[in-house]
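Student: I'd like to go through this one label by label. Could you take me through the reasoning behind each term?

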Amino acid sequence: MSSRTPGFYAERHRRLAAVFADRATQALRNARLYAAEQERAHAAKALAQLRSDFLASVSHELRTPLTAIVGFGELLQHAGSS
């Protein structure tokens, strides 16, 4: 009698194989979900870095002309009080 012979495996063996298949399926599903979550976390981190870089650049670009404007305003104020 070989493993290909009908009835070779007992019912408990078939149940055990079914439980093992269910657990393997769940493990694969969990691994895929974990990988997808890792990708989302990486994308969120990259987006946060882009946002930070953008805000730093905008802040710098606004601060430079404002410094000149404030300096010129102080000069005018000082010249007006003389």
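Tutor: Sure, here are the labels, each set against its cut-off.

Tutor: Keep in mind that this is a predicted model. The protein chain has 1 helix and 0 strands.

Student: What makes the protein chain more spread out than a compact globule?

Tutor: Its radius of gyration is 35 Å, while the globule rule gives 12 Å for 82 residues, so the chain is well over that value and counts as more spread out. The C-alpha trace fits that picture, spanning about 115 × 15 × 10 Å along its principal axes.

Student: And what share of the residues is buried?

Tutor: Buried residues come to 0% of the 82. Buried means under 20% relative accessible area. The chain exposes about 7,700 Å², with carbon and sulfur atoms supplying 64% of that.

Student: Why is the pair of Phe8 and Tyr9 called edge-to-face?

Tutor: Two values matter here. The ring centres are 5.0 Å apart, and rings pair if their centres lie within 6.5 Å. The planes of Phe8 and Tyr9 stand at 90 degrees, and over 60 counts as edge-to-face. So the pair earns that name. The structure holds 1 aromatic pair.

Student: Are Phe8 and Tyr9 buried, exposed or partly exposed, and what are their values?

Tutor: Phe8 has 35% relative accessibility and Tyr9 has 42%. Partly exposed lies between under 20% for buried and over 50% for exposed, so Phe8 is partly exposed, and so is Tyr9.

Student: How do you know that Glu11 and Arg14 meet in a salt bridge?

Tutor: Their side chains come to 3.1 Å, N to O, and the cut-off is within 4 Å. Glu11 and Arg14 both lie in helix H1, 3 residues apart, about one turn of the helix. Glu11, at 41%, is partly exposed, and Arg14, at 45%, is too.

Student: What about Arg40 and Glu37, how far apart are their closest N and O atoms?

Tutor: They are 3.4 Å apart, again within 4 Å, which makes Arg40 and Glu37 a salt bridge. These two also sit in helix H1, 3 residues apart, about one turn. Glu37 is partly exposed at 43%. The structure holds 2 salt bridges.

Student: Which residues form the nonpolar patch on the surface, and what lets Leu55 qualify on accessibility?

Tutor: The patch is Phe54, Leu55, Val58, Leu62, Leu66 and Ile69, with about 580 Å² of accessible area together. Patch residues need over 30% relative accessible area; Leu55 has 44%, so Leu55 passes. Leu55 is found in helix H1, residues 11-80.

How values were computed:
Residues are numbered from 1 along each chain as its sequence is written. This is a predicted model: local features need pLDDT of at least 70, side-chain atom pairs count only at pLDDT 80 or more; totals for chains, interfaces and linings use all residues. Side-chain values use heavy atoms; hydrogens and water are left out. Rings of Phe, Tyr and Trp (its six-membered ring) pair if their centres lie within 6.5 Å; planes under 30 degrees apart count as stacked, over 60 as edge-to-face and the rest as tilted. Buried means under 20% relative accessible area, exposed over 50%, partly exposed in between (1.4 Å probe, protein chains only). Patches are made of residues with over 30% relative accessible area and no salt bridge: like charges are joined within 9 Å, nonpolar side chains (Val, Leu, Ile, Met, Phe, Trp, Tyr) within 5 Å. Accessible areas come from the Shrake-Rupley method with a 1.4 Å probe; for residues, only the protein chains shown count as cover. Helices (H or I, at least four residues) and strands (E, at least two) are DSSP runs, numbered from the N terminus. The radius of gyration is taken over C-alpha atoms; the globule rule is 2.2 Å times the number of residues to the power 0.38.
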